[in-house]
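Reader: I've got this one open on my screen and would like a close look at a single part. Could you walk me through one helix and what surrounds it?

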Amino acid sequence: MNSLEKTTQLAIDVIKKNKVTDFEFSLGKNSGISTAVGLSNVETLQYSIDTSFDVSVYIWKNKGQAASVGLSKDSLKKAIDSACLIAKYTQEDPFNGLAPKDRMAWDAPDLDLYHPWTLDAKESIEIAKECEQVALEQTEIDNSDGAELSSFEGESYYANSNGLITKSKNSKHS
């Protein structure tokens, strides 16, 4: 079981300790590198790791939502407690709730969205500079606003009180 799977199970356990009718949440982790060069000079080089937790709880037809950028047990508990408190004070809405169990995507297709690119800072800079240089070699181009390269990948989980737990991995390169 990887860390996000463990975090998913932890969130389910924490939510079940509250008196909610239904729940759904998503959590994930994304990381990547972004580089910008201009006239062969590095303007920005950024590496990021982002985590997120978004939860909705239902107390009958009252809904509460909360979010956290942390995935620690304490962060999850605070977000879940906040969502439960909000649900206690929101107005009842007869249309709040999860989709019927038989309408859920139990067998979602693999969309082939995960194509990781192991790219370090040095390679990122070299590729961005090369892209800008190729553009500058074109006769119709006499100046440059620079070139940018980014590569990100992530993993996320979705879970709800109907027992549905899904996992997806994705990557984005530009």
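Author: Let's start on the outward side of α2, where Lys78, Lys88 and Tyr89 are exposed. Keep in mind that this is a predicted model. Turn to the other side of α2 and you find the buried residues: Leu76, Ala79, Ile80, Ala83, Cys84 and Ala87. Looking down the axis of α2, those buried residues fall within an arc of 135°, so they line one face of the helix. The length of α2 works out too: its 17 residues, 73-89, should span 24 Å at 1.5 Å a residue, and the end C-alpha atoms are 25 Å apart, which agrees.

What does that buried face sit against? The buried residues of α2 pack against α1 (3-16), β2 (41-59) and β3 (62-68). Take Ile80 as a way in. Setting aside neighbours within four places in sequence, Ile80 is in contact with Ala11, Val14, Ile15, Asn18, Phe53 and Val55. Ile80 also belongs to the largest nonpolar core, which has 23 residues, and is listed there among those with the most contacts inside the core, along with Ile15, Phe25, Leu27, Phe53, Val55 and Val57. At least two residues of this core come from each of α1, β1 (22-38), β2, α2 and β4 (147-160). The largest share, six residues, is supplied by α2. There is also a second, separate core of six residues, including Ile33, Ala128, Ala147 and Leu149.

Now for the partners, beginning with α1. This helix has 14 residues and reaches 20 Å from its first C-alpha to its last, close to the 20 Å expected at 1.5 Å a residue. The buried residues of α1 are Leu4, Thr7, Thr8, Ala11, Ile12, Val14 and Ile15. Around the axis they cover an arc of only 165°, which puts them on the same side of α1. Ser3 and Lys16, on the other side of α1, are exposed. The cover over the buried residues of α1 includes α2, as well as β1, β2, β4 and β5 (165-173). At the N-terminal end, α1 is capped by Asn2, with a side-chain oxygen 2.8 Å from the backbone nitrogen of Leu4.

Next come the two strands that α2 packs against, β2 and β3. These run antiparallel and are joined by seven bridges. As part of that pairing, Asp54 stands opposite Ala67 in β3. Together β2 and β3 make a hairpin with two residues between them, and Trp60 in the turn has a positive phi of about 55°. Follow β3 along and the side chains alternate: Asn62, Gly64, Ala66 and Ser68 point to one face and are buried, whereas Lys63, Gln65 and Ala67 point to the other and are not.

One last stop, in a strand that also feeds the largest core: β4. Asn160 has its place in this strand, and at 3% relative accessibility Asn160 counts as buried. The side chain of Asn160 makes a polar contact of 3.2 Å with that of Tyr158. Neighbours within four places in sequence aside, Asn160 is in contact with Phe23, Glu24, Leu98 and Met104.

Definitions and conventions: Residues are numbered from 1 along each chain as its sequence is written. This is a predicted model: local features need pLDDT of at least 70, side-chain atom pairs count only at pLDDT 80 or more; totals for chains, interfaces and linings use all residues. Side-chain values use heavy atoms; hydrogens and water are left out. Helices (H or I, at least four residues) and strands (E, at least two) are DSSP runs, numbered from the N terminus. The expected span of a helix is 1.5 Å times one less than its number of residues. Buried means under 20% relative accessible area, exposed over 50%, partly exposed in between (1.4 Å probe, protein chains only). The arc is that of the directions from the helix axis to the C-beta atoms. Contact means heavy atoms within 4.5 Å. A nonpolar core is a set of buried Ala, Val, Leu, Ile, Met, Phe, Trp, Tyr and Cys residues joined through side-chain atoms within 4.5 Å. Two strands pair if DSSP finds at least two bridges between them. A polar contact is a pair of N or O atoms within 3.5 Å; within protein, one must be able to donate a hydrogen and the other to accept it, and residues adjacent in sequence count only if both atoms are side-chain atoms.
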